[in-house]
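I opened this chain to see how its strands are arranged and what lies beneath them. These are my notes, in the order in which I looked things up.

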Amino acid sequence: MHELIFVIEDAPEGGFIARALGMSIYTEADSMAELPEKVRDAVRCHLEEGKAPKVVRLHHVREEVIAV
């Protein structure tokens, strides 16, 4: 595996939720500043030594609702 993509969303109760695409890796963080380390920890926890990707991308998705 060369790359792993995480979709980052705003958590309803505050903070952020990160989910890996195609894998059951999930983590949460209170701020964007702490999110990369939480993602690293989650990847290390779920994948064996030497199986981790070389690149992890964080794709932040933000939904906005507007009135028309």
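The entries below go from the whole chain to the strands, the core and a few single residues.

**Ground rules.** I am working from a predicted model, in which local features need pLDDT of at least 70 and side-chain atom pairs count only at pLDDT 80 or more, whereas totals for chains, interfaces and linings use all residues. Residues are numbered from 1 along each chain as its sequence is written, and side-chain values use heavy atoms, with hydrogens and water left out.

**Whole chain.** I first looked up the secondary structure and found one helix and four strands, in the order β-β-β-α-β from the N terminus; helices (H or I, at least four residues) and strands (E, at least two) are DSSP runs, numbered from the N terminus. The C-alpha atoms of the protein chain fill a box of roughly 50 × 20 × 20 Å along the principal axes. Of the 68 residues, 28% count as buried, where buried means under 20% relative accessible area, exposed over 50% and partly exposed in between, with a 1.4 Å probe and protein chains only. The chain exposes about 5,200 Å², and carbon and sulfur atoms supply 51% of that area; accessible areas come from the Shrake-Rupley method with a 1.4 Å probe, and for residues only the protein chains shown count as cover.

I also noted the charges: there are 8 positive and 13 negative side chains, and the centres of the two sets lie 8 Å apart. Here Lys and Arg count as positive and Asp and Glu as negative, while His and the chain ends are not counted, and each charge is placed at NZ of Lys, CZ of Arg, CG of Asp or CD of Glu.

**Strand pairing.** Which strands run parallel, and over how many bridges? I found E1 and E4 parallel, joined by seven bridges, where two strands pair if DSSP finds at least two bridges between them. In this pair, Glu-9 has Val-61 of E4 as its bridge partner. E1 and E2 are antiparallel over five bridges, with Val-7 partnered by Arg-19 in E2, and their hairpin has five residues between the strands, with Gly-14 at a positive phi near 110°. E2 and E3 are likewise antiparallel, over four bridges, and form a hairpin with five residues between them, in whose turn Gly-22 has a positive phi of about 80°.

**Strand E3.** I checked the side chains of E3 (residues 26-29) and found them alternating: Thr-27 and Ala-29 point to one face and are buried, while Tyr-26 and Glu-28 point to the other and are not. Thr-27 counts as buried because its relative accessible area is 11%, and Ala-29 because its relative accessibility is 5%. Leaving out residues up to four places away in sequence, Thr-27 touches residues including Lys-38, Val-39 and Ala-42, contact meaning heavy atoms within 4.5 Å. By the same count, Ala-29 touches Gly-15, Phe-16, Glu-34, Leu-35 and Lys-38, and Ala-29 is also the bridge partner of Phe-16.

**The core.** Which residues of the largest nonpolar core touch the most other members? I found Phe-6 and Leu-35, out of 13 residues; such a core is a set of buried Ala, Val, Leu, Ile, Met, Phe, Trp, Tyr and Cys residues joined through side-chain atoms within 4.5 Å. Strand E1 (3-10), strand E2 (16-20) and helix H1 (35-46) each give two or more residues, and the largest share, four residues, comes from H1. Beyond its neighbours within four places in sequence, Leu-35 is in contact with Ile-8, Phe-16, Ala-18 and Ala-29.

**Toward E4.** Is Lys-54, in the loop between H1 and E4, buried or exposed? I found Lys-54 exposed, because its relative accessible area is 72%; its C-alpha atom is 6.0 Å from that of Glu-3, 51 residues apart along the chain. Val-56 lies in strand E4 (residues 55-61) and is classed as partly exposed because its relative accessible area is 35%. Val-56 and Ile-5 are 51 residues apart in sequence and 5.7 Å apart in space, C-alpha to C-alpha. Not counting residues up to four places away in sequence, Val-56 touches Leu-4, Phe-6 and Val-39.
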